[in-house]
Amino acid sequence: DNGAIIVDVRNHYESRIGHFQGAIKPDVDTFREELPLIKDKLKNKKEEKILLYCTGGIRCEKTSSYLKHHGFKDVNQLYGGIINYTTQIQEDNLENKFIGKNFVFDDRLSEKISSEIISTCDQCDSKCDDYTNCNYVDCNLLFIQCKNCKNKYEGCCTKECQKMARLPKQ
């Protein structure tokens, strides 16, 4: 609300299922790729207020130091990341500005923060925000899959992987 530029410092697959409204979301696979990209996107905004957020705060610490080292004056972070933010909005009954789910790094793969579904199934394009790791172990691709496609493809990303996953184990 105070005119800060909001930057998501998570990877694209994390922001794909949830993010803050109006955030800059770099399209990267790894954090290493993200730092120079963020610096470049903000290159003419070194005097403006910047708010970084991530899942738990660690990537924000590194990004904040990086940007300050490169001359950015007013770099801030969401304390404790999305995880702490979720706790605060629930405890203090605050308006939620996060839409969708927060990607988490355990078997759940995500945690619902709001009721909006902002992504689609990678196989049929229906509204969905459920991540799956391809059931074919040698593939193990992380992708969004609705319940219908999960049943149809047996948790696999393609028919080829489905065939391979059905082969007997030796």
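# A walk through the chain

Read from the N terminus, the elements of the chain follow the order β-α-β-α-β-α-β-α-β-β-β-β-α-α. That makes 6 helices and 8 strands in the chain. The model is a predicted one. Its mean pLDDT over the chain is 94, and 99% of the residues reach 70 or more. Confidence is lowest in H2, where the mean is 93, and highest in helix H5 (residues 147-152), where it is 98. Measured out along its principal axes, the C-alpha trace spans about 60 × 35 × 25 Å.The parallel sheet is a good place to start. Three strands form this open sheet in the order S1-S3-S4, and their pairing is parallel. Its edge strands are strand S1 (5-8) and strand S4 (74-77), each of which pairs on one side only. On average, neighbouring strands here are turned by 25° against each other, direction ignored.

The pairings can be followed strand by strand. S1 and S3 run parallel and are joined by 4 bridges. Within that pairing, Ile6 has Leu51 in S3 as its bridge partner. On the other pairing, strand S3 (residues 49-53) and S4 run in the parallel sense, again over 4 bridges. There, Ile50 has Val75 in S4 as its bridge partner, and Leu51 has Asn76 in S4. Leu51 therefore appears in both pairings, as the partner of Ile6 and of Asn76.

Helix H3 packs on this sheet, where H3 touches S3 and S4. The direction of H3 makes about 180° with that of S4.

H3 also packs against another helix. Two packed helices are described by the angle between their axes and by the distance between those axes. For helix H2 (residues 31-41) and helix H3 (residues 58-69), the angle is about 40° and the axes are 11 Å apart. This angle makes H2 oblique to H3. The crossing of the two helices is right-handed.

Which residues of H2 and H3 meet? On the H2 side they are Phe31, Leu35, Pro36, Ile38 and Lys39. On the H3 side they are Arg59, Lys62, Thr63, Tyr66 and Leu67. Sorted by class, the contact of H2 with H3 has 6 nonpolar, 1 polar and 3 charged residues.

The chain also has an antiparallel sheet. It is open, is formed by 3 strands, and has the order S2-S5-S6, with antiparallel pairing. Why is one side of S2 and of S6 left without a neighbour in the sheet? Strand S2 (18-20) and strand S6 (110-112) stand at the edges, and each has a single partner strand, so one side of each has no neighbour in the sheet. The average turn between neighbouring strands of this sheet is 40°, direction ignored.

Within this sheet, S2 and strand S5 (residues 98-103) pair in the antiparallel sense over 3 bridges. Phe20 is found opposite Phe98 in S5. A helix accompanies these two strands as well: helix H4 (residues 81-91) lies across S2 and S5. H4 runs at about 125° to S5.

To sum up, H3 packs on the sheet of S1, S3 and S4 through S3 and S4, and H3 also meets H2 at an angle of about 40°. In the sheet with the order S2-S5-S6, it is S2 and S5 that H4 lies across.

Notes. Residues are numbered from 1 along each chain as its sequence is written. This is a predicted model: local features need pLDDT of at least 70, side-chain atom pairs count only at pLDDT 80 or more; totals for chains, interfaces and linings use all residues. Side-chain values use heavy atoms; hydrogens and water are left out. Axes are lines fitted to C-alpha atoms, for helices over the stretch in contact, and angles run from 0 to 180 degrees between N-to-C directions. Angles under 35 degrees count as roughly parallel, over 145 as roughly antiparallel, 65 to 115 as roughly perpendicular and the rest as oblique. A crossing is left-handed if the near helix is turned anticlockwise from the far one by less than a right angle, and right-handed if clockwise. Contact means heavy atoms within 4.5 Å. Ala, Val, Leu, Ile, Met, Phe, Trp, Tyr, Cys and Pro count as nonpolar, Asp, Glu, Lys and Arg as charged, and the others, Gly among them, as polar. Two strands pair if DSSP finds at least two bridges between them. pLDDT is the predictor's confidence in each residue, from 0 to 100.
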